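Q: I would like a close look at a single part of this structure, namely its aromatic cluster. Please describe the rings and then the surroundings into which they are set.

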Amino acid sequence: MVFDICNRTSFEKLNFWYENLRLHAHPMIKVIVVGMRADEIFKREVTFIEVDEWVKKMKLKYFEVNVLSNESVEEPFKVVSESLISKINRLKKGGEIERR
């Protein structure tokens, strides 16, 4: 899920999107949260502490990215890819996979 750290409303809508994912997406979907526009610190409307508290409560991973400078953009993709590969390998071995 992606939100704009310079737009409080987009952060507040994360609850809505998360609930929709839990209701309609496959139960084993990997959900992460990405805050975009990390470079615009003076326009920031959502503090890192607020986001950190929310993602901890939801047990999700959080990344802040700056797409203009390409800062930290690869990390969320890397985490999701590694998670998928790990789940596939466990399934191939007949193991259980977590539902988060």
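A: The account below begins with the chain as a whole, turns to the aromatic rings, and then follows the sheet and the cores around them.

The model is a predicted one. Its protein chain contains four helices and three strands, and from the N terminus the elements follow the order β-α-α-β-α-β-α. Of the 100 residues in the chain, 31% are buried. Among contacts between residues at least 6 apart in sequence, 67% join residues at least 24 apart.

The aromatic cluster is a single group made up of Phe 3, Phe 11, Tyr 18, Phe 48, Trp 54 and Tyr 62. A pair of aromatic rings is described by the distance between the centres and the angle between the planes. With ring centres required to lie within 6.5 Å, the count of aromatic pairs is six. One of these is formed by Tyr 18 and Trp 54, whose centres are 6.3 Å apart and whose planes make an angle of 80°, an edge-to-face arrangement. Tyr 18 belongs to helix 2 (residues 14-24) and Trp 54 to helix 3 (residues 48-58), so that this pair links distant parts of the chain, 36 residues apart. Tyr 18 and Trp 54 are both buried.

Another pair joins Phe 48 and Tyr 62; here the centres are 5.9 Å apart and the planes are at 50°, which makes the pair tilted. Because Phe 48 is in helix 3 and Tyr 62 is in strand 3 (residues 61-65), the pair ties together parts that are 14 residues apart in sequence. The two partners differ in exposure: Phe 48 has a relative accessibility of 44% and therefore counts as partly exposed, whereas Tyr 62, at 15%, counts as buried.

Phe 3 is the cluster member whose surroundings lead into the rest of the fold. Leaving aside neighbours within four places in sequence, Phe 3 is in contact with Ser 10, Phe 11, Leu 14, Val 33, Val 34, Gly 35, Met 36, Val 46, Val 51 and Tyr 62. With the same neighbours left aside, Ser 10 is in contact with Phe 3 and Asp 4. Ser 10 lies in helix 1 (residues 8-12). Its side chain reaches the backbone nitrogen of Asp 4 at 3.0 Å and the backbone oxygen of Asn 7 at 2.7 Å.

The sheet comes next. Three strands form an open sheet in the order 1-2-3, with parallel pairing. Strand 1 (2-4) and strand 3 stand at the edges with a single partner strand each, so one side of each has no neighbour in the sheet. Neighbouring strands are turned against each other by 25° on average, direction ignored. Strand 1 and strand 2 pair over three bridges, and Val 2 has Val 34 of strand 2 as its bridge partner. Strand 2 (residues 32-36) and strand 3 pair over five bridges. Within this second pairing, Val 33 is the bridge partner of Tyr 62, the residue whose ring forms the tilted pair with Phe 48. Gly 35 stands opposite Glu 64 in strand 3. Helix 3 packs on the sheet and touches strand 1, strand 2 and strand 3; its direction makes about 150° with that of strand 3. Four of the five residues of strand 2 are buried, so this strand is largely enclosed by the rest of the structure.

The nonpolar cores also include members of the cluster. The largest core has 16 residues, of which Met 1, Phe 3, Val 33, Trp 54 and Leu 60 touch the most other members. Helix 2 and helix 3 each supply at least two residues of this core, and helix 3 gives the most, with four. Apart from this core lies another, of five residues, including Ile 32, Val 34, Phe 63 and Val 65.

One further place concerns the chain beyond strand 2. Ala 38 lies in the loop between strand 2 and helix 3. Leaving aside neighbours within four places in sequence, Ala 38 is in contact with Ile 5, Glu 64, Val 65 and Asn 66. The C-alpha atoms of Ala 38 and Val 67 are separated by 8.6 Å, although these residues are 29 apart along the chain.

How values were computed:
Residues are numbered from 1 along each chain as its sequence is written. This is a predicted model: local features need pLDDT of at least 70, side-chain atom pairs count only at pLDDT 80 or more; totals for chains, interfaces and linings use all residues. Side-chain values use heavy atoms; hydrogens and water are left out. Rings of Phe, Tyr and Trp (its six-membered ring) pair if their centres lie within 6.5 Å; planes under 30 degrees apart count as stacked, over 60 as edge-to-face and the rest as tilted. Buried means under 20% relative accessible area, exposed over 50%, partly exposed in between (1.4 Å probe, protein chains only). A polar contact is a pair of N or O atoms within 3.5 Å; within protein, one must be able to donate a hydrogen and the other to accept it, and residues adjacent in sequence count only if both atoms are side-chain atoms. Contact means heavy atoms within 4.5 Å. Two strands pair if DSSP finds at least two bridges between them. Axes are lines fitted to C-alpha atoms, for helices over the stretch in contact, and angles run from 0 to 180 degrees between N-to-C directions. A nonpolar core is a set of buried Ala, Val, Leu, Ile, Met, Phe, Trp, Tyr and Cys residues joined through side-chain atoms within 4.5 Å.
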